[in-house]
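User: Please take a close look at one part of this model, the ligand and what surrounds it, and follow the description into the neighbouring strands. I am a first-year student, so please explain each term as it arises.

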Amino acid sequence: MTSAATGCLYGIGVGPGDPELITLKGARLLRAADIVLTPVGARSEISIAAAAVATLLDPVRQSIVEVVCPMQSDEVDRDGRWSRLAAEIAVMVQAGQQVAFITLGDPMFYSTFLYLLRELRTLTPTVPVEIVPGISSVYAAAGLAGIPLGLNDETFCVVPATAPEADLEAALAGNGTVVLLKVYRAFDRLRALLQRLGREQDAVYVRRIGLSGEAVIRDLDQVRREDLDYMSLLLVRKQS
Ligand SMILES: C[S@@+](CC[C@H](N)C(=O)[O-])C[C@H]1O[C@@H](n2cnc3c(N)ncnc32)[C@H](O)[C@@H]1O
């Protein structure tokens, strides 16, 4: 645990969007933070993270700063925005401030926080960082749909729908549950793949967990265009 006199960057997972699904530790550190960085971007998930913690924050006592984050998936920080942000955070932390950066779900799982962490580690490896796990959308989806993620010797696999077709197919050839993230733009392609593999009946579409418009759709025929949302995933598990 970092002492109160020393600055620290906290990467805090706020869960899938339901304000009650943040950990006690995450909530405590958010309340105690001097500066709370709330990433904003083109995608809805970002403002959802800020909305999920709104009741924990005190805009009078705390400095709440919106950070425009590039949502690129590249390995390279092309426009240098993450490295500039990392440098600014390093200055805040070295001045003794407690800085919280919130992220939807878990910070170590396909999260924007990972771009920041990479730049910070490169720039100033000694700046204290503490990562507070969050409940991932994957776990929340399993609970909501009542679908086990793993049992006995089964495998459990998570694949972004943006992965190459061969990787998706390899995952779906396993004996356990597969979770496909970021499915909204790839839905038709995924559906065709599931049909080809004879797995369409095994797939459940889960959208906007813990948010308005939450839905679990067990028949892919019932997924309408307007159901396709960035905040959605597919759980695929053999029917028992
Ligand atoms: C960039 S990943 C972020 C994952 C996040 N760090 C986590 O732990 O859940 C974004 C994808 O996670 C899934 N996702 C995140 N929150 C969700 C929610 N509340 N409902 C459904 N899917 C969600 C969607 O597949 C979305 O496209």
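Analyst: In sorting residues by class, Ala, Val, Leu, Ile, Met, Phe, Trp, Tyr, Cys and Pro count as nonpolar, Asp, Glu, Lys and Arg as charged, and the others, Gly among them, as polar. By this scheme, the shell around the ligand consists of 10 nonpolar, 4 polar and 4 charged residues. The model is a predicted one, in which local features need pLDDT of at least 70, side-chain atom pairs count only at pLDDT 80 or more, and totals for chains, interfaces and linings use all residues. Residues are numbered from 1 along each chain as its sequence is written, and side-chain values use heavy atoms, with hydrogens and water left out.

A residue is near the ligand if one of its heavy atoms lies within 4 Å of it. There are 18 residues around the ligand, and those that come nearest are Pro 16, Phe 109, Ser 137, Tyr 230 and Ser 232. Domain 1 (8-132) and domain 2 (137-236) both contribute residues to this shell, so the ligand lies between them; the domain bounds come from an automatic or database domain assignment.

Several polar contacts (pairs of N or O atoms within 3.5 Å; within protein, one must be able to donate a hydrogen and the other to accept it, and residues adjacent in sequence count only if both atoms are side-chain atoms) can be described. A polar backbone atom of Leu 104 is 3.0 Å from a nitrogen atom of the ligand. An N or O atom in the side chain of Ser 136 is 3.1 Å from a ligand oxygen atom, and a backbone N or O atom of Tyr 230 lies 2.8 Å from an oxygen atom of the ligand. Of the 570 Å² of accessible area that the ligand has on its own, the protein covers 97%; such areas come from the Shrake-Rupley method with a 1.4 Å probe, and for residues only the protein chains shown count as cover.

Ser 232 also belongs to strand β10 (residues 232-236). Strands (E, at least two residues) are DSSP runs, numbered from the N terminus. In β10, 5 of 5 residues are buried, where buried means under 20% relative accessible area, exposed over 50%, and partly exposed in between (1.4 Å probe, protein chains only). Ser 232, Leu 234 and Val 236 point one way, while Leu 233 and Leu 235 point the other way.

Two strands pair if DSSP finds at least two bridges between them. Strand β7 (residues 177-181) runs antiparallel to β10 and is joined to it by 3 bridges, with Val 179 as the partner of Leu 235. Strand β8 (residues 203-207) pairs with β10 in the antiparallel sense over 5 bridges, and there Val 204 stands opposite Leu 235.

Key. Helix = DSSP H or I, 4+ residues; strand = E, 2+ residues; numbered from the N terminus.
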